[in-house]
Amino acid sequence: LVVELKQRLERVMNLRAPLLLTGEPGCGLELAARFLHPRNAPWVAPENHAALAEAPLELLGQAREGTLFLREVTGLSRIEQKGLLLAMSKLERYNVRVISGASRDLAELVAHGAFDSRLYSLLATATIRVPSLREHREDIPDIANLMLSRLVEAREAPPRQFTTAALNALRNFDWPGNLTQLESTVRTLALTSGAESISLEDVNHAL
């Protein structure tokens with residue numbers, strides 16, 4: 001699944017058209033967006049969407065020749081949607097690519113009158129779904145090992161390694177919070193395990 005996702009992302013990598021990334025909370029929409037972002041170009045990802053209401057063209061100016069990433073567009077207020085609609089009409093002038101994330105069904109919000117249908121059609125010029133962690137369980141041990149080794153290399157945690165039983169327990173868990181929850185769990189285990197080997201008991205306790 002991860003290989004398929006990478007291939008789908010590579011197909012749209014060189015396009016400038018807006019892209020909508022959909023998936024459950026914590027499943028890595030920002031990671032997918034950063035994968036598409038050209039190196040050395042501006043990356044603008046506002047912490048909140050107030051700027052869309054107050055100064056949408058200022059956001060485009062900051063992102064000129066680069067990427068404007070909107071983490072979660074399903075919660076935009078009417079005035080924020082209006083600001084984004086204005087920004088979307090000026091993308092060519094600023095040469096900005098808009099990549100937006102949605103953890104809820106935007107089409108359903110449009111049907112209920114909670115989201116502007118014109119804005120939806122602009123944002124969803126291309127749509128890619130990012131799978132949840134439980135849909136590719138076979139990758140969880142590798143991802144957990146990578147997260148752990150990064151913590152150790154950054155000296156944020158002492159040398160640690162997972163036992164096979166610990167990795168199996170991580171793989172079999174459902175991860176409702178997806179990558180965000182896995183990363184938090186790995187960090188907790190790296191910092192609190194009593195021994196160099198992170199055991200099945202450690203994982204069960206953390207979960």
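**Salt bridges across the model**

Let's start with one pair: E135 and R129 join their side chains in a salt bridge, with N and O 2.6 Å apart (the term means a side-chain nitrogen of Lys or Arg within 4 Å of a carboxyl oxygen of Asp or Glu). E135 is partly exposed at a relative accessible area of 34%, and R129 is partly exposed too, at 44%. Here buried means under 20% relative accessible area, exposed over 50%, and partly exposed in between, using a 1.4 Å probe and protein chains only.

Before going on, please note that this is a predicted model, in which local features need pLDDT of at least 70 and side-chain atom pairs count only at pLDDT 80 or more, while totals for chains, interfaces and linings use all residues. Residues are numbered from 1 along each chain as its sequence is written, and side-chain values use heavy atoms, leaving out hydrogens and water.

Searching the whole structure gives nine salt bridges. One of them links E24 with R134, whose closest N and O atoms are 2.5 Å apart. E24 sits in the loop between β1 (19-22) and α2 (29-36), and R134 in the loop between β5 (126-129) and α9 (140-153), so this pair ties together parts 110 residues apart in sequence. Helices (H or I, at least four residues) and strands (E, at least two) are DSSP runs, numbered from the N terminus.

Now look at R71 and E30, which form a salt bridge at 2.9 Å, N to O. R71 lies in the loop between β3 (67-70) and α5 (78-88) while E30 belongs to helix α2, so the pair connects parts 41 residues apart in sequence. Through salt bridges that share partners, E30, R34, E47 and R71 form one network.
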